[in-house]
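Reader: Hi! Could you walk me through this protein in plain words?
Author: Happy to, let's look at it together.

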Amino acid sequence: MSNQRILPYIEGNRVLLKLAEESDIPEIIDFYLRNKEHLAPFEPVRSEAFYTKEYWKLIIDKSQEDFLQDRSLRMFLFEKSNPTKVIGTVNFNNFVRGVFQACHLGYSLDEYAQGKGYMTEAIQLGIDYIFHELNLHRIMANYMPHNRKSGQVLKRLGFVIEGYARDYLMINGKWEDHILTSLTNHRWE
């Protein structure tokens, strides 16, 4: 892949997705601070450095470099009607090319934005980009059994359950089981 790749800016009917820029840092920090309690049961334990401008400057630079080097696509989610306020994340990580052509999907959504269909729309936009622009064949997404909302989003998007992994990820300070799902690109070439 070439370093000439254009950073994606993906618009839907109600949402938009993009890689973060330095100007987004205050909104990113605000998103994580106002959702600290809401997201804690679903994410790793965060250090205090996670909530600093210095940390996010490094993460933004790394995210852009990783995209340009065909390793990941980590985007922030915005309402189209308020394109400066971060309301979530949609991340496609761990790109593997060769005979696998796959990645992992992870996502989070602002507590106030739950139940409005934003995440379903955003992930579908991301899937379309991953399958049609980046030409990956498989997206894997895993969720904790008690996170029914996440399971419902994935089912709505066509992900199929492939298995169950015990003690799969360290979430909120403890190992959590996950249900393993995937979606394949039937038009892959």
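Author: Below we talk through the core, a surface patch and a few single residues of this predicted model.

Reader: Cool. How many residues are in the largest nonpolar core?
Author: That core has 37 residues. Those with the most contacts inside it are Leu73, Phe92, Leu105, Ile130, Ile139 and Phe159. Helix H4, residues 118-133, gives the largest share of this core, with 9 residues.

Reader: And which residues are in the second, separate core?
Author: That one has 15 residues, among them Ile25, Ile28, Ile29 and Trp56.

Reader: Back to Phe159 for a sec. What is Phe159 in contact with, leaving aside neighbours within four places in sequence?
Author: Phe159 meets Leu105, Ile127, Ile139, Ala141, Leu154, Thr181, Ser182 and Leu183.

Reader: Let's switch to the outside. Which residues form a nonpolar patch on the surface?
Author: Val96, Val99 and Phe100 do, and together they have about 310 Å² of accessible area. Val96 belongs to strand E4, which covers residues 82-96.

Reader: Why does Val96 count as partly exposed?
Author: Because its relative accessibility is 36%, and partly exposed is the range between under 20% for buried and over 50% for exposed.

Reader: Got it. Thr89 is in strand E4 too, right where I'm looking. Is Thr89 buried or exposed?
Author: Thr89 is buried, because its relative accessible area is 3%. Its side chain makes a polar contact with the side chain of Ser108, at 2.7 Å.

Reader: What else does Thr89 touch?
Author: Not counting residues up to four places away in sequence, Thr89 touches several residues, including Phe31, Tyr32, Met75, Phe76, Leu77 and Met119. Ser108 is on that list as well, along with Gly106 and Tyr107.

Reader: New topic: where does Asp24 lie?
Author: Asp24 is in the loop between strand E2 (15-18) and helix H1 (25-34). With a relative accessible area of 7%, Asp24 is buried. Leaving aside neighbours within four places in sequence, Asp24 is in contact with Lys18, Leu19 and Phe78.

Reader: Last one, Glu37. Buried or exposed?
Author: Glu37 counts as exposed, because its relative accessibility is 76%. You'll find Glu37 in helix H2, residues 36-39.

Reader: How are Glu37 and Glu111 placed, what separates their C-alpha atoms?
Author: Those C-alpha atoms are separated by 9.6 Å, while the two residues are 74 residues apart along the chain.

Conventions. Residues are numbered from 1 along each chain as its sequence is written. This is a predicted model: local features need pLDDT of at least 70, side-chain atom pairs count only at pLDDT 80 or more; totals for chains, interfaces and linings use all residues. Side-chain values use heavy atoms; hydrogens and water are left out. A nonpolar core is a set of buried Ala, Val, Leu, Ile, Met, Phe, Trp, Tyr and Cys residues joined through side-chain atoms within 4.5 Å. Buried means under 20% relative accessible area, exposed over 50%, partly exposed in between (1.4 Å probe, protein chains only). Helices (H or I, at least four residues) and strands (E, at least two) are DSSP runs, numbered from the N terminus. Contact means heavy atoms within 4.5 Å. Patches are made of residues with over 30% relative accessible area and no salt bridge: like charges are joined within 9 Å, nonpolar side chains (Val, Leu, Ile, Met, Phe, Trp, Tyr) within 5 Å. Accessible areas come from the Shrake-Rupley method with a 1.4 Å probe; for residues, only the protein chains shown count as cover. A salt bridge is a side-chain nitrogen of Lys or Arg within 4 Å of a carboxyl oxygen of Asp or Glu. A polar contact is a pair of N or O atoms within 3.5 Å; within protein, one must be able to donate a hydrogen and the other to accept it, and residues adjacent in sequence count only if both atoms are side-chain atoms.
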